[in-house]
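Open the model in your viewer and keep the sequence panel beside it. At each stop of this tour you will be told what to select, and then what is found there.

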Amino acid sequence: MEISCILDLNKNSMAEFTNKSFEYTDIVEGIEYKIKVLIVSAPDDIQISNVDTQEAKGFIFNIAVSTEPRISNDYFDTAKQYVYVFGREGEHKFGYLENGNLVETTENRFIQLLTVHTQEILMIAGNEGHFYL
């Protein structure tokens, strides 16, 4: 199982670049899934129409997710490139970009657990590492 994410690291001028990953297992409808997640800093020049990217600069992350076996798109579409905005006062956003807008994902238990784990990993000191949950 691989996570592939195409990023142009030269476009990111942030002094501190985040590159973290984590793995965990989840059971959905009686099936155990191994989930791998890659979190990398979004480029400083990312444009998201419905997010104040200047205020959130440095707190926007690209997220790639893979599952083994592949989970149904009814729960989560692993083919999409996701974005996590680490907001102030608990106003975090998780979704994917479509026509320059952040489309927040429909909440289900799988996505709730994924976003909680993403937040936990981002709060761990340091800018890189691989974690097992």
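Begin by selecting strand 5 and strand 6, which form a hairpin with two residues between the strands, and look there for N99, which takes a positive phi near 55°. The two strands of this hairpin run antiparallel and are joined by four bridges, and if you pick E98 you can follow its bridge to N101, its partner in strand 6.

Before going further, keep in mind that this is a predicted model, so colour the chain by confidence. The mean pLDDT of the chain is 87, and 88% of its residues reach 70 or more. Among the helices and strands, confidence is highest in strand 2, at a mean of 97, and lowest in helix 1 (residues 53-56), at 85. Now select residues 1-14, where pLDDT stays under 50, although the model has 31 contacts beyond four places in sequence for this stretch. Where pLDDT is low, the predicted coordinates should not be read in detail.

Next, show the whole chain as a cartoon and trace it from the N terminus, where you will meet the elements in the order β-β-α-β-β-β-β-α-β, that is, two helices and seven strands. Select the seven strands together: they form an open sheet with mixed pairing, in the order 6-5-4-3-2-1-7. Strand 6 (101-104) and strand 7 (128-132) stand at the edges, and because each has a single partner strand, one side of each is left without a neighbour in the sheet. If you turn the view to look across the sheet, the twist to look for averages 35° from one strand to the next.

Stay with the sheet and select strand 3 and strand 4, which run antiparallel and are joined by four bridges; one residue to pick here is I60, whose bridge partner in strand 4 is V85. Then add helix 2, which packs on the sheet and touches strand 1, strand 2, strand 3, strand 4, strand 5 and strand 7, while its direction makes about 150° with that of strand 1.

Which residues of the largest nonpolar core touch the most other members? Select F22, V37, I39, I63, F76, F94 and L114, which hold that place among the 22 residues of this core. The elements that give two or more residues to the core are strand 1 (19-28), strand 2 (31-41), strand 3 (60-68), strand 4 (82-85), strand 5 (93-98) and helix 2 (109-123), and helix 2 supplies the largest share, five residues. For a closer look, centre the view on F22 and show its surroundings: leaving aside residues up to four places away in sequence, F22 touches, among others, V37, I39, L114, H117, I121 and F131.

A second, separate core of nine residues can be selected next, and its members include I46, V51, A56 and I60. Is A56 buried or exposed? A56, which lies in helix 1, is buried, because its relative accessible area of 10% falls under the 20% limit. To finish this stop, draw a distance from A56 to R88, for the two are 32 residues apart in sequence but 8.7 Å apart in space, C-alpha to C-alpha.

Finally, select the whole chain once more and show its surface, of which about 7800 Å² is exposed, with carbon and sulfur atoms supplying 46% of that area. Buried residues make up 41% of the 133 residues in the chain.

Conventions: Residues numbered from 1 in each chain as written. Predicted model: local features only at pLDDT ≥ 70, side-chain atom pairs only at ≥ 80, totals over all residues. Heavy atoms only, no water. Core = buried A, V, L, I, M, F, W, Y, C linked by side-chain atoms within 4.5 Å. Buried < 20%, exposed > 50% of the residue type's maximum accessible area, 1.4 Å probe, protein only. Contact = heavy atoms within 4.5 Å. pLDDT = per-residue confidence, 0-100. Areas by Shrake-Rupley, 256 points an atom, 1.4 Å probe, with all protein chains shown as cover. Pairing = 2+ DSSP bridges. Axes fitted to C-alpha atoms, helices over the stretch in contact; angles between N-to-C directions.
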